[in-house]
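Here are some exercises to work through with the model open beside you. Try each task on your own before reading its solution.

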Amino acid sequence: MSIKIVNLTHIYDKKTPNETVAIDHINLEIETGEFIGLIGHTGSGKSTLIQQMNGLLKPSDGEIIVSGYNITEGLDLPRNQRKRVSKSEVNERKRRLIEVRKRVGLVFQYPEYQLFEETIEKDVAFGPINLGLDETEVKLRVIDAMQTVGMPYEQFKDRSPFELSGGQKRRIAIAGVLAMKPEVLILDEPTAGLDPKGRDEILAQIKALHEKEKLTVIIVSHSMEDMAKIAERLIVMNKGNVVLDGTPKEVFRHIDLLEEIGLAVPQISYLTRALVSQGFEIDPDIITVDEAKDALLNVLLKQKVKND
């Protein structure tokens with residue numbers, strides 16, 4: 001379930017006084033099973049980009065190819081750019097685009113605002129029912145999705161989603177997307193507005209889900225600390241362009257560039273660099289608290305052995 005983005009551009013309010021280039025000739029390739037953090041300040045183009053990945057937004061130019069299928073071809077281009085196609089081909093393109101949207105699940109920011117059913121079971125079942133699945137399959141998917149996000153079916157199925165805590169609501173909203181059995185899960189600021197406990201719970205669930213289901217996961221986030229802990233690859237956007245792409249350690253080496261575009265590196269990275277400048281023999285590329293703790297304990301142990 002790879003996603004290939006070729007020369008993608010998206011312009012809002014094109015040919016008006018409010019014309020805004022949200023994405024500017026982006027090229028990216030996302031492989032099956034990757035865990036990606038998509039970061040950038042407000043207005044950098046992150047949300048526009050993820051909505052292109054399952055066809056919710058139509059690009060102004062360029063292509064998006066999902067598992068070999070060009071979802072931007074023909075129907076998803078302006079009329080004056082469309083090739084003449086038969087009615088059967090039009091219908092086939094529609095069908096395949098719908099299939100892509102099933103396979104690329106998108107969880108918007110504050111997804112709990114989209115909860116609306118009287119019970120949690122009904123809310124999680126809404127998507128599978130609309131896929132036309134039979135009752136048995138729907139129930140199996142609901143049970144599995146609720147279990148995956150740490151909300152046991154028997155314990156929560158009959159409760160109102162509006163009785164839950166903020167973090168629990170968020171998990172149920174994610175379960176509703178998981179019940180559709182996507183192969184790619186995209187989450188837009190999944191920890192926004194949560195307290196530290198709720199934030200840690202959501203991130204742990206997402207990480208566990210990635211490891212269990214081997215999903216491709218893309219998280220939009222402003223939190224460098226969060227992305228340092230869980231992402232395997234970071235894509236940094238600024239003014240509609242990709243400015244950095246690599247592992248967290250590779251990306252966070254570019255402190256000056258990140259600060260120039262209004263971002264930063266994890267706070268612990270500033271600390272470790274300060275310690276290195278004071279003569280501590282530790283890795284300057286440390287990006288998490290756990291790494292820093294292990295490194296400092298190792299320094300203390302070496303000092304103790306030397307003194308003994």
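The exercises below go through sheets, a helix pair and single residues.

This is a predicted model, in which local features need pLDDT of at least 70, side-chain atom pairs count only at pLDDT 80 or more, and totals for chains, interfaces and linings use all residues. Residues are numbered from 1 along each chain as its sequence is written, and side-chain values use heavy atoms, with hydrogens and water left out.

**Exercise 1. The six-stranded sheet**

Task: Work out the strand order of the open sheet of six strands, and find its edges.

Solution:
- Step 1. Start with the terms: helices (H or I, at least four residues) and strands (E, at least two) are DSSP runs, numbered from the N terminus. Two strands pair if DSSP finds at least two bridges between them.
- Step 2. Reading across the sheet gives β6-β7-β8-β3-β9-β10, and the pairing is mixed.
- Step 3. β6 (104-107) and β10 (241-246) are the edge strands, each pairing on one side only.
- Step 4. From one strand to the next, the twist averages 15 degrees.
- Step 5. Now follow the bridges. β6 and β7 (residues 184-188) run parallel and are joined by four bridges, with Val-104 partnered by Val-184 in β7. Five bridges link β7 to β8, again in parallel, and here Leu-185 is opposite Val-217. β3 (residues 35-39) also runs parallel to β8, through five bridges, with Leu-38 facing Val-220.

**Exercise 2. A covered strand**

Task: Decide for each face of β8 whether its residues are buried or exposed.

Solution:
- Step 1. Apply the cut-offs: buried means under 20% relative accessible area, exposed over 50%, and partly exposed in between (1.4 Å probe, protein chains only).
- Step 2. In β8 (residues 216-221), six of the six residues are buried.
- Step 3. Split them by side: Thr-216, Ile-218 and Val-220 are buried on one face, and Val-217, Ile-219 and Ser-221 on the other.

**Exercise 3. Two helices side by side**

Task: Describe how α6 and α7 pack.

Solution:
- Step 1. The axes of α6 (residues 166-178) and α7 (residues 196-213) come within 10 Å and cross at roughly 25 degrees. Axes are lines fitted to C-alpha atoms, for helices over the stretch in contact, and angles run from 0 to 180 degrees between N-to-C directions.
- Step 2. The two helices are therefore roughly parallel (angles under 35 degrees count as roughly parallel, over 145 as roughly antiparallel, 65 to 115 as roughly perpendicular and the rest as oblique).
- Step 3. List the contacts, meaning heavy atoms within 4.5 Å: Gly-167, Arg-170, Arg-171, Ile-174 and Leu-178 of α6 meet Glu-201, Ile-202, Gln-205 and Leu-209 of α7.

**Exercise 4. Two residues compared**

Task: Which of Thr-272 and Val-305 is buried, and which is exposed?

Solution:
- Step 1. Thr-272 belongs to α11 (residues 267-277), while Val-305 sits in α12 (residues 289-307).
- Step 2. Thr-272 counts as buried because its relative accessibility is 1%. Val-305, at 57%, counts as exposed.
- Step 3. Leaving aside neighbours within four places in sequence, Thr-272 is in contact with Ile-282, Asp-283, Pro-284, Ile-286 and Ala-292.
- Step 4. For Val-305, check a distance: its C-alpha atom is separated by 66 Å from that of Asn-18, 287 residues apart along the chain.
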